[in-house]
Each structure stands twice: as C-alpha cells, then as structure tokens.
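Please open the structure in the viewer and keep the sequence at hand. The tour proceeds from the whole chain to a single strand and its neighbours.

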Amino acid sequence: MNKMTLEMTTDPAKSIPAFYTGQSIFLTGATGFLGKVLIEKVLRSCPDVREIFLLMRPRKGLSINERLEKILKLPLFEKLHEERPSNFKKLVPISGDASEKELGISATDRQMLIERTTIIIHIAGNVKFNNTLKYAILTNTRSTRNICILAQSMKNLIALVH
C-alpha cells in the first residue's frame, strides 16, 4: 500500500479532497440551494479539483455568466473569497436546461463535457408543486435519462451521483 492509499484509508478527512484532486465535475442544479452549497464546499474543501462545469440557463434577463456572478456575491461565498479566491476560476458555466431535450446543451459544450468530465453530480430538479405534471416529468425524469445517456459517452467518467 502506498502512502497516499494508506492516508486515504486511515484519515477520512483526507480521502475526499484526495478523491477530487484533478477531477472535472459536471454539476446540474448549480443555481439551486444544494448546488450553491456543493459548489462552495468543493471549492473550499477540495482545492485541487480541476474544474466544475455548471449547467445553467439564462433567467430573468441575465446571461449565465451574469447569474454566476450574482450567485458568487452571496454571503455563502465570503469565506471562499477570502481564503481561495483563485478557485472561482475553476467554475465553467455551460448554457443548458435540465427540462430540455438533451439538456439543451450545444454540440460544442457536449463534446467538451464528454472529453473532460470525470464526475457527474445530477441534482437538478423541479421542487415546485404548482407546475404542470408534464414539466415536472421533463425536469425530474427525462433529465436523469438524458444525464445517463450523456454519461455513457464520457470517456473518463468514474462516478455519477444522483
């Protein structure tokens, strides 16, 4: 057993950052409550993560880059701005929508995700109970199917979390 393996098995606090070292994450649901918390936690606790691709849609007249800037100004990210501001460069917004066919991702972005993603974390979902059943199914069920189809073509995928 090498030193790295031994450290990972004996110290759980080191195993998670070690696992994420050099990994490229594709995150759906990035603008939701869990997505924002996950972004902050990974960037702060796993400083050697390679990048995090964020599936986002333009909304309320804001582009995906403007939405990301607005999110990163939340109090949640204050500590990260102080401790590891350069880690924000690891965030890569991807234009798309979990409720659309094939996640609404462009061919170029799809190819980039196929080539570079090693971990998918799919937490996008519609939690509003006043939307139509059709919309809920498209967002919560078809999006998961679309993620699985995309995952099948990913060359370096090691984990899909739903």
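The stops below begin with the overall fold and end at the paired strands.

Begin with the whole protein chain in cartoon view, bearing in mind that the model is predicted. The chain comprises 7 helices and 5 strands, which follow one another from the N terminus in the order α-α-β-α-β-α-α-β-α-β-α-β. Its radius of gyration is 16 Å, close to the 15 Å given by the globule rule for 162 residues, so the chain is as compact as a globular protein of that length. The C-alpha trace extends over about 50 × 35 × 30 Å along its principal axes.

Next, display the surface. The chain exposes about 9,500 Å², of which 57% is supplied by carbon and sulfur atoms. Colouring by charge brings out 24 positive and 15 negative side chains, with the centres of the two sets 5 Å apart. Buried residues constitute 40% of the chain.

Now select strand S4, residues 119-122. Which way do its side chains point? Ile119 and Ile121 point one way, Ile120 and His122 point the other way, and all are buried.

Keep S4 in view and add strand S1, residues 24-28. The two strands run parallel and are joined by 4 bridges; among the residues involved, Phe26 has Ile120 of S4 as its bridge partner.

Finally, add strand S5, residues 159-161. S5 also runs parallel to S4, with 3 bridges between them. Here the bridge partner of Ile119 is Ala159.

Methods
Residues numbered from 1 in each chain as written. Predicted model: local features only at pLDDT ≥ 70, side-chain atom pairs only at ≥ 80, totals over all residues. Heavy atoms only, no water. Rg over C-alpha atoms; globule rule 2.2 N^0.38 Å. Buried < 20%, exposed > 50% of the residue type's maximum accessible area, 1.4 Å probe, protein only. Areas by Shrake-Rupley, 256 points an atom, 1.4 Å probe, with all protein chains shown as cover. Lys, Arg positive; Asp, Glu negative; His and termini not counted. Charge placed at Lys NZ, Arg CZ, Asp CG, Glu CD. Pairing = 2+ DSSP bridges.
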